[in-house]
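Q: Please take a close look at the enclosed space inside this model, with attention to what lines that space. Please then relate the description to the parts of the chain around it.

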Amino acid sequence: MPKIFDITILCKVIDNFGDIGFVYRLSKNLCKINPHYKIRLVVNDLGAFQKIAPEIKLNLAEQNFRGMRIFDSNAERFCRTEFLKNPPFMILECFQCGRPEWLDEILFAEFTAQNHEAKFAEICDKKISENFACDKPNEKIKFQIINIDYLTAEDYAEEFHCLKSATRSAFVKKVNFMPGFTAKTGGLILDEPFIANARKNFSKTTCDKKISQTRGDLSQICENLSQMSQKILIFSYRKNFSPIIRAFSKICDKNLSQIEIFLSQGAGKKSFLEIYRKFCDSCEFNLSQIQLNELEFLSQENWDEMLLQMDILFVRGEDSLARACLCGKPFVWNAYPQKTPQDKNYHLVKVRALLERMRAHFSENEFAIIEKFWILYNCDACDISAEINLENACFEFLSQARNLKRGFKAFSQSIFDLGNFSEKLDAFIQNL
């Protein structure tokens, strides 16, 4: 019989969907593998949450959702009262998000050891059969924080995994738990759509076909596609898409085929549309073989189904990167742009680290195509020469996509072989 824990999961939405996407996926997966868990999910942006979980209601301090209790961290008075009444002994702090002030006040209240134990012993006596598992009576009661860090392929993920971290109180313990791409990390979340390889008909996914600027009826945009068409997802940060669209046009001309672009909501949508519409108004390129479909916000489950139906993925963000790695489809990752005074493309450190994890699954020539495109795609194409280089690299990647698929599948399998992040986290929690 496993221990029974009330688990509090903290999420601070910074970049729209990557943060809440991972936290929501983790919460669902933990509930599935260990039904004894009682999850309290504390999030600062219910609006972002609602985009990927439409049943979430706004402007509620607390709500029940899929067996979890969802708290708006901005409702300070309500949350302080609730968490004082039922203290959060086990806390998952995701992506170094920090803790709301009201929660820090609870964790680091200046109790004497005697008063501290007396206060929480009373709570544990009341709650142990309902929610909590407490330490032995002769031990000091502790809060346990598990810091779940950002996904990275860098070596430090192995060094930090399960490494203890200091806090300013003897009553608050903290340890790191790292997702990653090696056996010395926690791996990635393996949830049901990918384990079961659920490739449902994408026509069931609700999206809005808006090739013109007028809003029409909802369409089944993947119906009756040509055998020669390539379905490409674009989910990106803001960037110069001119070289990418030119490469799309060239690949259509070369293969006499059609490209179906599925343009996701998010920061990159506007910049893609600006360039696409500019090209449509000019006579420089023929875009008649490119069909543009603008996606509405999708639930996380429909998003997963859509990814599995694509041929090529352009992705960004924590959660979508992980899903792309598991899909076994050719993909390119747009890393979050990071700059330092010394390096305007510091994020390339993360890009190169992930590429190195992938290298073993490709031939030398195949990997060279992927590496060149990934690096150029993550740099600013700010002059004609850079645009031409990126256009050529994208064209070569698209031309070889079918041949590259075997390597991406092998990379995906290597991640599945590591096991489920959530199951490893569950075992780690039970052994604390």
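A: A cavity is here a set of grid points where a 1.4 Å probe fits but cannot get out. The approach rests on a simple idea: rolling a probe the size of a water molecule over the atoms shows where empty space is left. The model under discussion is predicted, and 4 cavities of 30 Å³ or more are found in it.

The largest cavity has a volume of about 270 Å³. Its lining comprises 21 residues, and the closest to the centre are Phe17, Ile52, Phe235, Trp303 and Ser320. Four helices, namely helix 1, helix 2 (46-52), helix 10 and helix 11 (318-327), each contribute at least two residues to this lining. The lining is mixed in class, with 7 nonpolar, 8 polar and 6 charged residues.

The second largest cavity has a volume of about 50 Å³. Its lining consists of Phe22, Arg25, Leu151, Pro179, Leu188, Ile189, Glu318, Asp319, Ala322 and Arg323. Helix 1 and helix 11 each supply at least two of the lining residues, and helix 11 gives the most, with 4 residues. By class, this lining holds 6 nonpolar and 4 charged residues, and no polar ones. Helix 1 and helix 11 thus appear in the account of the largest cavity and in that of the second largest.

Two of the helices that line the largest cavity, helix 1 and helix 10, also take part in a salt bridge. The side chains of Lys28 and Glu301 meet at 2.7 Å, N to O. Lys28 lies in helix 1 (residues 18-33) and Glu301 in helix 10 (residues 300-309), so this pair ties together parts that are 273 residues apart in sequence. Neither partner falls under the 20% limit for a buried residue: Lys28 is partly exposed at 21% relative accessibility, and Glu301 is partly exposed at 25%.

This contact belongs to a total of 26 salt bridges. Another of them joins Glu105 to Arg80, with an N to O distance of 3.1 Å. Here the link is between helix 4 (residues 101-107), which holds Glu105, and helix 3 (residues 76-85), which holds Arg80, and the two residues are 25 apart in the chain. Both are partly exposed, Glu105 with a relative accessible area of 44% and Arg80 with one of 26%.

A further salt bridge is formed by the side chains of Arg357 and Asp155, at 3.2 Å, N to O. Arg357 belongs to helix 12 (residues 348-358), whereas Asp155 sits in the loop between strand 6 (143-148) and helix 6 (156-160), so that parts 202 residues apart in sequence are tied together. The two ends differ in class: Arg357 is partly exposed at 26%, while Asp155 counts as exposed at 52% relative accessibility. Elsewhere, salt bridges that share partners join Asp6, Arg40, Glu62, Arg69 and Glu82 into one network.

The strands provide a further element of the surroundings. An open sheet is formed by 5 strands in the order 11-10-9-12-13, with parallel pairing. Strand 11 (290-294) and strand 13 (331-334) are its edge strands, each pairing on one side only. On average, neighbouring strands are turned by 15° against each other, direction ignored. Within this sheet, strand 9 (residues 230-234) and strand 12 (residues 312-316) pair in the parallel sense over 3 bridges, and Ile234 stands opposite Phe314 in strand 12.

Two loop residues complete the account, one of them in a loop that follows helix 2. Most residues other than glycine have a negative phi, and most peptide bonds are trans. Asn59, in the loop between helix 2 and strand 3 (62-65), has a positive phi, near 65°. At 74% relative accessibility, Asn59 is exposed. Arg66 likewise has a positive phi, near 50°, and is found in the loop between strand 3 and strand 4 (68-72). With a relative accessible area of 43%, Arg66 is partly exposed.

Technical notes. Residues numbered from 1 in each chain as written. Predicted model: local features only at pLDDT ≥ 70, side-chain atom pairs only at ≥ 80, totals over all residues. Heavy atoms only, no water. Salt bridge = Lys/Arg side-chain N within 4 Å of Asp/Glu carboxyl O. Buried < 20%, exposed > 50% of the residue type's maximum accessible area, 1.4 Å probe, protein only. 1 Å grid on protein atoms, 1.4 Å probe; cavity = no way out; pocket = protein on both sides within 12 Å on 5 of 7 lines; lining within 4 Å. Points joined across faces, edges and corners; volume = space filled by probe spheres on them. Nonpolar A, V, L, I, M, F, W, Y, C, P; charged D, E, K, R; others polar. Pairing = 2+ DSSP bridges. Axes fitted to C-alpha atoms, helices over the stretch in contact; angles between N-to-C directions.
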